[in-house]
Amino acid sequence: MASFRTLVQSGDFRSLPFDFAHFKDTQESIQTGPDVSVPVIDFSLLSSTNPDERAKVILDLGKACEEWGFFLAVNHGIPENLISALFNVCNEFFDMPEEDKLQFDNKHPLYSVTVRSGTIDGNDPNQQGKLWRDYLKFFVHPEFHCPTKPKEMSDIVLEYSRRTRDLARKLLRGISQSLGLEEDYIEKAMELDSGTQIFTANYYPPCPQPDSAIGLPTHTDPGLLTFLLQNGVEGLEIQNKGKWFRVTGIPGAIFVNTADQLEIISNGKYKSLCHRAVLNNKKTRISLVVANGPSPDTIVT
Ligand code: OGA
Ligand code: NI
């Protein structure tokens, strides 16, 4: 199908095309707003020379992983201008003509660049209902892949992938310690030097009936830790103790969630977060996601 970017620009989308109608997996009350506070981790404290400060942030990190599977990372050291360049270049990608975008779609099952609309992953015909999103997805580690247009994209994504890999490693050291393990236990066991990193840019245009469609249905992520940035438009919902919460960001913070292999390696102590992306009828939402996982050959136990 044509991308949403193209459809939304070309037509009048006053109501929902039938095959996008989704019956939300749950309509339980959503809690949002300042009364709900998800954990915030000050990343700079992880490299503090003050042992008390470091011990405290490791404790907080463990609590965040155990009680929420989610936290906002602040003072993470990834430059603001790199993040805004990344948003700009991804926006430019989605803005390219359909044929230009699709030329990068490559059918190789692993290490591919995927450009799709309306599906979770690939073209699964059995998927129930379509999703209100376009996306671009590719591996950036251990092999680096990236569309060659816009031409600045690969430098920017490469730099972002280096920075996030470093961030993931340092967070996983803290998480290792929070589990009572050696600091480098997870990075060694998961062979992070050749760890996988998958980059996804999600594009969710405004939807005329946002409550009847979905951006991404409830799922958990593969990997150890997922990082997410959004363009100031909310839409991520996370599940905690059976309730759904709409996450409100703080400027500059990176959203971090626990993923499947962290659940396994922590013997179920740090559960993989259930989450979904919901829509709105006013603004386009873009999220940029990096899934950080073990090396492709690692057996996770
Ligand atoms: C994902 C994801 C949520 C969002 O890409 O795995 O959960 O808010 N995205 O876009
Ligand atoms: Ni996800």
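**View 1. Asn75 in the loop between β3 and α3.** In this predicted model, Asn75 sits in the loop that runs between strand β3 (70–74) and helix α3 (80–95). Look at its backbone here: phi is positive, about 50 degrees, even though Asn75 is not a glycine.

**View 2. Asn267 in the loop between α7 and β12.** Here is another asparagine to explore, placed in the loop between α7 (260–265) and β12. Asn267 is a residue other than glycine, yet its phi has a positive value, near 55 degrees. Is Asn267 buried or exposed? Its relative accessible area is 72%, and exposed means over 50%, so Asn267 counts as exposed.

**View 3. Two cis peptide bonds in the loop between β5 and α5.** Pro142 belongs to the loop between β5 (134–141) and α5 (153–178), and Pro150 is also found between β5 and α5. The peptide bond leading from His141 to Pro142 is cis, with omega near 0 degrees. Lys149 and Pro150 are joined by a cis peptide bond too, and there omega is about -10 degrees.

**View 4. His275 and its surroundings in strand β12.** Strand β12 covers residues 275–277, and His275 is part of it. With a relative accessible area of 6%, His275 falls under the 20% limit and is therefore buried. Which residues does His275 touch, leaving aside those up to four places away in sequence? Among them are Pro217, Thr218, His219, Thr220 and Asp221, and you can also find Leu236, Glu237, Ile238, Trp244 and Asn257. Finally, look for the backbone oxygen of Leu273: a polar atom of the His275 side chain lies 3.0 Å from it.

Methods:
Residues are numbered from 1 along each chain as its sequence is written. Chains are lettered from A and ligands numbered from 1 in the order in which they are written. This is a predicted model: local features need pLDDT of at least 70, side-chain atom pairs count only at pLDDT 80 or more; totals for chains, interfaces and linings use all residues. Side-chain values use heavy atoms; hydrogens and water are left out. Helices (H or I, at least four residues) and strands (E, at least two) are DSSP runs, numbered from the N terminus. Buried means under 20% relative accessible area, exposed over 50%, partly exposed in between (1.4 Å probe, protein chains only). A polar contact is a pair of N or O atoms within 3.5 Å; within protein, one must be able to donate a hydrogen and the other to accept it, and residues adjacent in sequence count only if both atoms are side-chain atoms. Contact means heavy atoms within 4.5 Å.
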